[in-house]
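Me: I have a structure open and want to go through it with you. Can we take it piece by piece?

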Amino acid sequence: MVYLDNAATSWPKPEEVYLAVDHFMREIGASPGRSGHSLSIEAGRILFETREAVANLFGITDSSRIIFTLNATEALNLGIKGILTPGDHVITTSMEHNSVSRPLRFLEKEIGIETTAIPCSKEGHLDPGKLESAIRPNTRLIVIVHASNVTGAIMPVAQIGRLANDHNIPFMVDAAQTAGVYPIDVEEMKIDLLAFTGHKGMLGPQGTGGLYIREGLILKPLLQGGTGSKSEEEDQPAFTPDRYESGTHNTPGLAGLGAGVRFILKEGIDKIREKEKRLLARLLSGLEGMEQVKIYGPKDPNRQTALVSINIEGIDSSTVGYILSENFKIMTRVGLHCAPSAHRTIGTFPGGTVRFSLGYFNTEDQIDYTINSIQGIDHRFGHSNRKWEIRKWEVS
Ligand SMILES: Cc1ncc(COP(=O)(O)O)c(C=O)c1O
């Protein structure tokens, strides 16, 4: 079995992650920050260590500015809905995931914000000049994806961060596809709000993620409730992270996330990135010679994360994904990848693409096997839409 769906969620995880979740569930189990007993204190310590590891990964000096959420979607909602008020203008791009574009659309209808989505190139790249000329006096937020989950195209985040900073506009980055696999430094990149998910490149379990909020930015919380702190007060505590973290945490998941991030720090993010680039280059060069295969995106490992979107002429993406899974045991993701506007940008709406997303634990042999499998499909079906033959193959 070859797992090439790491952009959806990474798998497998480092052994340490399984052990950390198991250890928490069996040996600790208590609610962090709620009770004074030793198990609760230990649970609190695990949360703190995960916060510190994440802070270390992103160059964050005060780990209390990291708010744990269930995923990137919740973090993006917290940032977007927490900062925008009626009449505000937001700049974003045409490459966003629904987790950015839908909250913006919701606020457009609900409270009357205005959004400008800068059209990106066919590869999915953003021209910062276009972004700068869209700035208005009421622009209250710039929010962009760090790397597209459809083409892998990496955005010029540091350049946009400087630009946002020069204009005094809060800058939010959706790092769902880059956190853990590409270097991120919130100071160097001048990021005010960094939304990340724990279960992709950060190698943690599903149900983990977070939002970094720069010191001095005060958001409206999504939730109010129990924090284990200031219980005598009726109002939500004002300090971070408690202002934004209500209710018992996903502590088993966050224990696993801590282990995943410590694994990344131990291996070194540059080593991880280099290996993923090597695997990507191998896949790209294998695909490039295939007559009926169309590759989307930059086709350059230096300008994209380790994923490739393709189509095989004459076969729809869902059929290719089905054959890959059923006949070759290769796991990919097909369709629109929750990013319809990105697919419109690259010209693949509504059919979508077949996405191969690589991870640190993939091997060169798996990439070669994948190339051969795609070649097999290409040769057999590429020239016409011979659906009957595909069906025959499916049942054989
Ligand atoms: C670019 C991008 N943003 C946001 C998300 C949402 O991540 P999550 O499902 O963890 O909320 C994803 C995940 O598919 C993504 O690829």
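Reply: What follows goes through the domains, the ligand, a helix pair and the sheet.

Reply: This is a predicted model, in which local features need pLDDT of at least 70 and side-chain atom pairs count only at pLDDT 80 or more, while totals for chains, interfaces and linings use all residues. Residues are numbered from 1 along each chain as its sequence is written.

Me: Into which domains is the protein chain divided?

Reply: Domain 1 covers 15-267 and domain 2 covers 269-395; the bounds come from an automatic or database domain assignment. Their C-alpha centres lie 29 Å apart.

Me: How many residues does the contact take from each domain?

Reply: Domain 1 gives 27 residues and domain 2 gives 23 residues. Two residues are in contact if their C-beta atoms, placed from the backbone, lie within 7 Å.

Me: Which elements give two or more residues to the side of domain 1 that touches domain 2?

Reply: Helix H4 (98-111) and helix H7 (251-267). Helices (H or I, at least four residues) and strands (E, at least two) are DSSP runs, numbered from the N terminus. That side of domain 1 has 12 nonpolar, 11 polar and 4 charged residues. Ala, Val, Leu, Ile, Met, Phe, Trp, Tyr, Cys and Pro count as nonpolar, Asp, Glu, Lys and Arg as charged, and the others, Gly among them, as polar.

Me: Switching to the ligand. Which residues are closest?

Reply: Asn71, Thr73, Asn149, Ala176 and Thr197, out of 13 that surround the ligand (C-beta atom, placed from the backbone, within 6 Å of it). The shell divides into 4 nonpolar, 8 polar and 1 charged.

Me: Back to H7. At what angle do H2 and H7 pack?

Reply: H7 packs with helix H2 (residues 38-58) at about 40°, and the axes are 9 Å apart. Axes are lines fitted to C-alpha atoms, for helices over the stretch in contact, and angles run from 0 to 180 degrees between N-to-C directions. Residues that meet include Ala43, Ile46 and Leu47 in H2, and Leu254, Val261 and Leu265 in H7. The contact divides into 12 nonpolar, 4 polar and 2 charged residues.

Me: And the sheet, what order do the strands have?

Reply: S2-S8-S7-S6-S5-S3-S4, an open sheet of 7 strands with mixed pairing. Two strands pair if DSSP finds at least two bridges between them.

Me: Why is one side of S2 and of S4 left without a neighbour?

Reply: Strand S2 (66-69) and strand S4 (114-118) stand at the edges with a single partner strand each, so one side of each has no neighbour in the sheet.

Me: In what sense do S2 and S8 pair?

Reply: Antiparallel, over 4 bridges, with S8 at residues 209-213. Ile67 has Leu211 as its bridge partner in S8.
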